[in-house]
Amino acid sequence: MLEEKYQVENPYMPERARIVRKYDLTKDVRFFQVRICDQDKVFHLTSNYKPGQFMMMSIPNVGEAPFSITSTPSRPGLFEFCIRKVGKLTTKLFELKENSFVWLRGPFGNGFPVEKMIGKDLLFVAGGLGAAPLRSLLLYALDNRDLFGKIFYLHGAKTPEDMLFREEFFRLKERDDFECHLTVDSDPTGVWPFEKGVVTKLFRHVEVDGKNTAAVVCGPPVMYKYVVEEFLKLGIPDDQIFMTLERRMKCGMGKCGQCVVGHKYTCVDGPVFTLWDVKNIKGLI
Amino acid sequence: MRVLKLKRENFLPFLKGLEKWGELWGPVKKGRGYVYAKAEPEKFELKALRTLIPAKKFFVPKKATILKFKNGEWKEHQEVKNRVIFGLHPCEIHALNIYHKFYTRLYPDPYYVKNREATLIVGLSCIPDDKCFCYNTATSTVNEGFDLFLTDLEDKLLVWVGSPKGEDAIKGLTHFLEDVNQKDIDDYISWRKKRDGSFKLEVDLEGMPEIVSFSYESPVWEEMGEACLSCGTCTMVCPTCTCFDIEDEFDLRSDEMNRQRFWYSCVFREYSMVAGGHNFREARSERLKLWYTHKLVGFMSEYGSPACVGCGRCIASCPVGINILSVVRALRKEKTDAFWKRMEVKNA
């Protein structure tokens with residue numbers, strides 16, 4: 001065991017990538033499209049990840065942090081990220097123009113178990129920035145529509161201006177192969193055409209076969225409890241309820257320890273956990 | 001395993017002979033304690049038990065540059081030196097075996113792997129003191145993870161050859177070594193009896209994973225948290241602690257950026273803090289609970305044994321007496337004379 005030789009690429013070595021497009025989704029959340037500079041690696045990296053995985057993005061001398069990938073591997077070529085200006089690194093990221101470089105490592109994390117979701121009904125519940133990782137899985141499911149049963153996407157935001165991918169979801173609402181329901185807590189603009197209220201109000205539209213449904217939730221921590229209650233009412237088993245969590249991470253590979261919860265490393269055993277994990281690992285939520 | 005005999009008078013020449021393999025490091029006296037240092041073999045303290053900082057520092061250094069950024073490119077950076085590390089006791093070697101499993105699983109750490117390959121590990125037997133309890137953690141003897149292991153029988157030493165690397169290292173030194181005879185074996189057996197009989201401390205770790213799990217809401221954590229200084233000493237001196245942080249540092253002299261990896265501690269306040277300032281473990285008690293849960297429960301689930309090797313470093317180092325012994329006793333609701341138990345609990 002101790003004499004084995006390991007021939008590996010250095011997983012700490014970042015890959016140079018170019019910001020090819022960016023625009024604001026809300027007043028503090030920006031959308032970034034990023035392309036790996038090394039032509040030989042572009043296709044492999046952007047088509048082989050799983051929805052729900054994350055990348056470590058860094059700017060030299062500023063820092064490195066994990067970001068969920070919001071694009072889908074079914075549309076390779078670019079990585080997309082949805083980033084809120086909240087700390088040192090993201091503030092610096094917001095200063096970068098198109099054609100600037102950032103550095104990526106990854107993808108890391110377990111991602112959503114897409115292979116276990118095939119043939120099942122899918123129920124997504126997104127709140128606020130939680131739409132970022134869920135968009136990846138939603139687009140993946142829509143791009144491979146025949147692999148899944150019914151699909152419901154419920155999305156809540158504080159106000160219409162805080163809703164991520166607002167226009168994109170408006171267009172998706174027009175599709176008739178899945179149901180997309182949007183809600184806002186309040187509407188200062190006065191022109192919001194859809195529902196108002198908390199996201200759990202949207203559950204009355206949901207008609208799924210609970211036992212054969214994969215439910216996915218991502219949003220602010222306060223939301224989980226109420227949404228999970230609704231999932232359970234629908235008869236969805238604990239191990240088919242998925243949530244993706246946030247933690248501080250420095251390596252992404254189960255080494256630095258900073259994302260540890262109980263004995264699980266969020267970066268390798270997560271960030272996607274089932275309700276069963278949450279019930280059994282103290283401190284996950 | 002091949003075992004050879006080394007006469008006492010040949011001990012120092014034998015160690016010097018290993019210098020062909022690499023720089024010679026071993027335990028030397030510093031202040032009131034011991035440290036692993038590069039030194040002449042005459043300086044090595046054969047009776048030293050625990051060094052202040054464990055041997056993990058040779059494999060993942062306290063602080064090291066892992067990448068350099070210059071002219072728009074990242075380049076790998078590591079200074080690897082061939083080193084012979086002498087004087088590692090069985091507990092230390094067991095800790096390194098845990099370290100090895102940890103650093104080579106999933107994404108093998110290239111820096112660790114290179115350092116490990118460049119190191120010759122020469123173990124040394126010991127007689128326990130009042131802080132040793134490797135007998136309770138089943139780490140008082142060692143079968144793998146060393147290249148050579150010396151058992152000190154006063155007038156002679158037995159040399160166990162534990163790896164092909166060790167075999168290579170003693171080529172050219174065979175004139176110092178002899179085959180063992182029945183007398184040597186008998187001497188070893190009586191030494192073992194004496195050694196096994198000299199443990200003074202007993203820490204009952206039986207059933208600890210369950211007890212720690214059941215004690216999640218125990219007031220013990222609050223009491224400890226009240227006393228804990230969040231200084232991080234326990235994690236720095238623990239031979240199985242692995243956590244680190246990574247930061248970029250600008251080097252003004254060379255116009256380079258250094259990405260540095262340095263030891264970090266789960267008892268530091270910022271450990272679980274994410275961007276925006278939310279802290280998943282704001283309370284000191286929460287962070288201590290994480291440390292002990294990870295040692296006694298987490299490793300058990302992942303590797304089948306607790307991540308405590310009974311070296312006694314936390315017992316010798318924690319300024320407020322929070323250590324594996326006092327925690328285990330408190331969780332077992334046994335009498336403990338721990339300093340923090342005598343403190344009046346506030347805000348509990």
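## Reading a two-chain model, starting from Phe231(A)

Modeller: Let's start with one residue: Phe231(A) has 23 C-beta neighbours inside 10 Å, so Phe231(A) counts as buried. The rule is that a residue is buried if 20 or more other C-beta atoms lie within 10 Å of its own, exposed if 12 or fewer, and partly exposed in between, with C-beta atoms placed from the backbone. Keep in mind that this is a predicted model, where local features need pLDDT of at least 70, side-chain atom pairs count only at pLDDT 80 or more, and totals for chains, interfaces and linings use all residues. Residues are numbered from 1 along each chain as its sequence is written, while chains are lettered from A and ligands numbered from 1 in the order in which they are written.

Biologist: Where does Phe231(A) lie, and what does Phe231(A) touch?

Modeller: Look in helix H6 (residues 221-233) of chain A. Helices (H or I, at least four residues) and strands (E, at least two) are DSSP runs, numbered from the N terminus. Leaving out residues up to four places away in sequence, Phe231(A) touches Ala215(A), Ile236(A) and Ile241(A). Two residues are in contact if their C-beta atoms, placed from the backbone, lie within 7 Å.

Biologist: How do I read the two sides of a helix, say H2(A)?

Modeller: An α-helix has 3.6 residues a turn, so residues three or four places apart point the same way. In helix H2 (residues 88-95) of chain A, the buried residues include Leu89(A), Thr90(A) and Leu93(A). They cover an arc of only 95° around the axis, which puts them on the same side of H2(A); that arc is taken from the directions from the helix axis to the C-beta atoms. Lys88(A), Thr91(A) and Glu95(A) are exposed on the other side.

Biologist: Which strands do the buried residues of H2(A) pack against?

Modeller: Strand E3 (54-59), E4 and strand E5 (79-84), which belong to chain A too.

Biologist: And what about a nonpolar core?

Modeller: In soluble globular proteins, nonpolar side chains tend to be buried together. Here a nonpolar core is a set of buried Ala, Val, Leu, Ile, Met, Phe, Trp, Tyr and Cys residues joined through C-beta atoms within 7 Å. The largest one holds 174 residues, and among the members that touch the most others are Phe124(A), Ala215(A) and Ile85(B). Not counting residues up to four places away in sequence, the contacts of Ile85(B) include Trp25(B), Tyr36(B) and Phe58(B).

Biologist: How many residues of each chain are in contact with the other?

Modeller: There are 33 residues of chain A in contact with 41 residues of chain B. Strand E4 (residues 63-68) of chain A gives the largest share of the chain A side, three residues. That side divides into 15 nonpolar, 10 polar and eight charged residues. For the classes, Ala, Val, Leu, Ile, Met, Phe, Trp, Tyr, Cys and Pro count as nonpolar, Asp, Glu, Lys and Arg as charged, and the others, Gly among them, as polar.

Biologist: What are the domains of chain A?

Modeller: Chain A is divided into domain 1 (15-108) and domain 2 (114-244), with bounds that come from an automatic or database domain assignment. Their centres, taken over C-alpha atoms, are 24 Å apart. The contact joins 17 residues of domain 1 of chain A to 16 residues of domain 2 of chain A.

Biologist: And chain B?

Modeller: The assignment gives domain 1 (2-196) and domain 2 (208-341), and the C-alpha centres of these chain B domains lie 26 Å apart.
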